[in-house]
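Visitor: I should like to understand how the terms used for a protein model are justified. May we look at one together?

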Amino acid sequence: MTALLSLRGVTAFYGAIQALKGVDLDVNEGEIVTLIGANGAGKSTLMMTICGNPRARDGQILYDGADISALPTHLIMRRAIAQSPEGRRIFPRMSVYENLLMGAHGRSAAEAEETMEQVFALFPRMKERATQRGGTLSGGEQQMLAIGRALMSRPRLLLLDEPSLGLAPLVVRQIFSAIRDLNRSTGLTVLLVEQNAFQALRLAHRGYVLVNGAITMAGTGPDLLARPEIRAAYLEGGH
Amino acid sequence: MAYALQQLINGVTLGMIYGLIAVGYTMVYGIIGMINFAHGDVFMVGAFLSLISLVALSALGISSVPLALAITLILAAAIAGLYGWTIERVAYRPLRGSFRLAPLISAIGMSIVLQNFVQVSQGARAKPMPALIPGGWTLMRGEGGFAVQLSWMQIAVVVTTLVILAGFTWLVTRTPLGRAMRACEQDLKMASLLGIATDRTISLTFVIGAMLAAVAGLMFLLYYGVIDFFIGFIAGVKAFTAAVLGGVGSLPGAVLGGLAIGLIETFWSAYFSVQYKDVAAFSILVLVLIFMPTGLLGRADVEKV
């Protein structure tokens, strides 16, 4: 299997603070890979570094065989990579419909409408709320909208940053099952960042553990779930 | 009554010009959060470009006034757009990501540069221009023989402004470029994550703002018939006041604020004193900032996170 995305020795800085300390990570085509770790471990930074903001200072980010680490963000995203970022970042003063359209930026109106029907099929709630302003949605609805917006570009690689944050367990289950369906039906490749390690590892094919900006463990989902140090650190409430 | 109606007509005309300039302030503020203090001077440059174009066209023997005005409108807007693009490129983009005051200082510098450039290249004296659209329409005669005049010029200013603003509104609300501009305004980082070329969108915002200011410059030239290199300062500060009054960041607010400032200024001049009309306008700015910091249509940014 060839890796769709591979990071080799990637470092990133916020000012003088080193947020990533040489990360190696692979995501194969058609896989769901999860990245777990505590608050402040650098998970979101890693997601943003893949997208070129902040830029990787050292190392390589290979996507589909090409090094994308020097490209500006908007050109990276035009290579069929989409991110549903930390904090969801819905456009608050645009309608749900317009938020979704923004996800299809650069694609024709007909293509956008077609993909939007698929997003509505996945999240029927978005259709009901189509004319409502993004800022007035509930947290769960905003999360669905953020994922829907990311899907509007028909990505090959979907970067999902904490889709379960602040949501009711029922909504989390809904969102996770939507991700699984997408992966199974369309072969969508997903890199999922989660604090909710238990659910994430059950969903993912493989997982990585990020501690203080470095990968400390890697393995298949069931394998990581079974390890005592993972159970202690991420699954049984201790941090 | 007749007198008041006349002031209303004058105020609305003036307000339209302020509104056109104010839109440029508010757009730039919305997208990169800076007050572009050189914007008033782009308006002034637009007025000069219009004058030069009108003189050149008449020298070329184009005697049809509507044709000359149409060509001038397009020419002045296009060249002013180039100014807008260059100003952003030269004075603001290199400072993006720097401390907040840096682009502001740079903007004041750019304003001085433009004023001096026009002063040196066009001379410091006021430039008069004969009325291109004379005459008008007497609406009514009040007591004492006071005639309420609606000049063709005023109709032209108001109609042109409304048409341009309608086109602009369509651009912002209905087109992919407009959506990209609003996306950048609401969340620049997210916009780039969706593949939007944010630098290009910011450049285009400056270009469009400058084009609207040039249209205002042409209107000002036609309406007042005299311009000098310093008109951008007062008009710019007034339009900025209009943008704040309407709620900086809000496009309808900018037009509404422009109308309000135009009306306040005109009525103050008519009933109290012409000398203090600017004091009246700026007192409004102070009062709005104290009691309504977000303006008439501004938003207090309460959003769910």
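Visitor: Which residue in strand 4 of chain A stands opposite A:R8?

Guide: The model is a predicted one. In it, A:Q60 in strand 4 of chain A lies opposite A:R8. Another bridge partner in strand 4 of chain A is A:D58, which faces A:T11.

Visitor: How do you know that strand 1 and strand 4 of chain A pair?

Guide: Pairing requires at least two bridges between two strands. Strand 1 and strand 4 (residues 58-63) of chain A are joined over 5 bridges, in the antiparallel sense, so they count as paired.

Visitor: What makes strand 1 and strand 2 of chain A a pair?

Guide: The cut-off is again at least two bridges. Strand 1 (residues 3-14) and strand 2 (residues 17-28) of chain A have 9 bridges, also in the antiparallel sense. One example is A:A12, which stands opposite A:L20 in strand 2 of chain A. The hairpin of these strands has 2 residues between them, and A:G15 takes a positive phi near 65° there.

Visitor: In which order do the strands of the sheet in chain A stand?

Guide: The order is 2-1-4-5, in an open sheet of 4 strands with antiparallel pairing. Strand 2 and strand 5 (66-67) of chain A each have a single partner strand, so they stand at the edges and one side of each lacks a neighbour in the sheet. Helix 1 (residues 43-50) of chain A packs on this sheet and touches strand 1, strand 2 and strand 4 of chain A. The direction of helix 1 makes about 70° with that of strand 2 of chain A.

Visitor: Why is helix 2 of chain B called oblique to helix 3 of chain B?

Guide: The axes of helix 2 (residues 39-59) and helix 3 (residues 65-92) of chain B cross at roughly 140° and come within 9 Å. Roughly antiparallel applies over 145 degrees and roughly perpendicular from 65 to 115. The crossing angle fits neither class, and therefore helix 2 of chain B is oblique to helix 3 of chain B. The crossing is right-handed.

Visitor: What kinds of residue form the contact of helix 2 with helix 3 of chain B?

Guide: The contact divides into 12 nonpolar, 6 polar and no charged residues. Among them are B:L49 and B:L54 in helix 2 of chain B, and B:I71 and B:L75 in helix 3 of chain B.

Visitor: How many residues of chain B are in contact with chain A?

Guide: There are 18 residues of chain B in contact with 24 residues of chain A. The largest share of the chain B side, 5 residues, comes from helix 6 of chain B.

Notes:
Residues numbered from 1 in each chain as written. Chains lettered and ligands numbered in written order. Predicted model: local features only at pLDDT ≥ 70, side-chain atom pairs only at ≥ 80, totals over all residues. Contact = placed C-beta atoms within 7 Å. Axes fitted to C-alpha atoms, helices over the stretch in contact; angles between N-to-C directions. Parallel < 35°, antiparallel > 145°, perpendicular 65-115°, else oblique. Left-handed = near helix turned anticlockwise from the far one by under 90°. Nonpolar A, V, L, I, M, F, W, Y, C, P; charged D, E, K, R; others polar.
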